[in-house]
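Please open the model in a viewer and keep the selection tool at hand. The tour proceeds by selections, each followed by a description of what is found there.

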Amino acid sequence: MTMDELKRKAAACALEHVRDGMKLGLGTGSTAKHFVELLGERVRGGLTVVGVPTSEVTRADAQRCGIPLTTLDEIDRLDLTVDGADEIDPALNLIKGGGGALLREKIVAAASDRMIVIADESKWVDTLGRFPLPIEVIPFGLSATRRALEHAFAEVGASGPIKLRNGKDGHAFVTDGGHWIVDADLGRIPDAPRLAGLLSVIPGVVDHGLFIGMASLAMLAGPNGIRTVERP
Ligand code: 5RP
């Protein structure tokens, strides 16, 4: 099975948790895109749901698939968010933001009663950090923010190069919120919950890709089928 087929399998499994009338958070990335497409098929078959997309790309995909959309200003809570991840550890803490949508993804996940993370098995790690940690930053004072980030990393015994992410045009990648992203290649994050807290209070940091205690269930597709892991 190809990687893409595995991603679609995980997405199909998550779809089994969707019930008529649900309000859904729709994730971003190649795995979440499969979920949106499969959900669209169900909607065209008569399922009634409403979705909140986590990026402009997902908004366009969902509209193309015929999924009715709303916003977090129009509704109170979401029943379920289904999203991908760049890394998942055994506590179901995540690194997200490889696709640059971490801010809206976190806002939507936080407004959801449950979050199911869907991925192929390659995203499963013992310790987060192999994937460079995306951090959404304000362009103003970036050097000061970088220094504060280095301090925060040192506090938890982590270090590594911090690179400004570039877009396809060679200029700084700009998020849907109008911010920039730096990727911190830490190799290993010894205490992700503590680092998450330290990053959240740095003034130039809008948000970061550590999703701590947000996912309730992971569906991991591998050659031998789907492995489901609940948050301990
Ligand atoms: C986007 C994300 C994605 O969920 C993450 O990058 C995984 O993407 P993919 O399913 O394409 O591997 O966090 O901001």
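**First stop: lysine 96**

Select lysine 96 together with glutamate 105: their side chains make a polar contact at 3.2 Å. The model is a predicted one, and side-chain atom pairs are counted in it only at pLDDT 80 or more. Now add glycine 84, whose backbone oxygen is reached by the side chain of lysine 96 at 2.8 Å. Lysine 96 itself is located in the loop between strand 5 and helix 4.

Is lysine 96 buried or exposed? Its relative accessibility is 2%, and because buried means under 20%, lysine 96 counts as buried. To display its surroundings, leave aside the neighbours within four places in sequence and select the residues in contact with lysine 96; among them are Asp83, Ala85, Asp86, Leu102, Met115, Pro134, Gly209 and Phe211.

**Second stop: the ligand**

Keep glycine 84 selected and show the ligand, since a polar backbone atom of glycine 84 is 3.3 Å from an oxygen atom of the ligand. Next, select glycine 97, which places a backbone N or O atom 2.8 Å from a ligand oxygen. Then select lysine 123, where a polar side-chain atom lies 2.6 Å from an oxygen atom of the ligand. How much of the ligand does the protein bury? Taken alone the ligand exposes 370 Å², of which the protein buries 91%.

Now select the whole shell of 18 residues around the ligand; those that come nearest are Ser30, Thr31, Asp86, Gly97 and Lys123. Colouring the shell by residue class gives 3 nonpolar, 9 polar and 6 charged residues. Helix 2 (30–44) and helix 4 (102–110) each contribute at least two residues to this shell.

**Third stop: the nonpolar cores**

In soluble globular proteins, nonpolar side chains tend to be buried together. Select Val18, Phe35, Leu39 and Ile118, which touch the most other members of the largest nonpolar core, a set of 27 residues. Two or more residues of this core come from each of helix 1 (3–15), strand 1 (23–26), helix 2, strand 3 (78–83), strand 6 (112–120) and strand 12 (217–222). Helix 1 gives the most, with 6 residues.

For a closer view, centre on leucine 39. With its neighbours within four places in sequence left aside, leucine 39 is in contact with Leu15, Val18, Leu24, Leu26, Leu47, Val49 and Ile67. A second, separate core has 24 residues, including Ile135, Leu186, Ala196 and Leu199.

**Fourth stop: leucine 92 and arginine 59**

Select leucine 92, in the loop between strand 4 (87–88) and strand 5 (94–95). Inspect its backbone: phi is positive, at about 65°, although leucine 92 is not a glycine. Leucine 92 is buried, with a relative accessible area of 0%.

From leucine 92, proceed to arginine 59; the two are 33 residues apart in sequence, and their C-alpha atoms are 26 Å apart in space. Arginine 59 belongs to helix 3 (residues 56–64). Its relative accessibility is 27%, and arginine 59 therefore counts as partly exposed, the class between under 20% and over 50%.

Which side chain makes a polar contact with the side chain of arginine 59? Select glutamate 56, whose side chain makes this contact at 3.1 Å. Finally, add Pro53 and Leu69, with which arginine 59 is in contact once its neighbours within four places in sequence are left aside.

Conventions:
Residues numbered from 1 in each chain as written. Predicted model: local features only at pLDDT ≥ 70, side-chain atom pairs only at ≥ 80, totals over all residues. Heavy atoms only, no water. Near = heavy atom within 4 Å. Polar contact = N/O pair within 3.5 Å; in protein donor to acceptor, adjacent residues only side chain to side chain. Areas by Shrake-Rupley, 256 points an atom, 1.4 Å probe, with all protein chains shown as cover. Helix = DSSP H or I, 4+ residues; strand = E, 2+ residues; numbered from the N terminus. Nonpolar A, V, L, I, M, F, W, Y, C, P; charged D, E, K, R; others polar. Buried < 20%, exposed > 50% of the residue type's maximum accessible area, 1.4 Å probe, protein only. Contact = heavy atoms within 4.5 Å. Core = buried A, V, L, I, M, F, W, Y, C linked by side-chain atoms within 4.5 Å.
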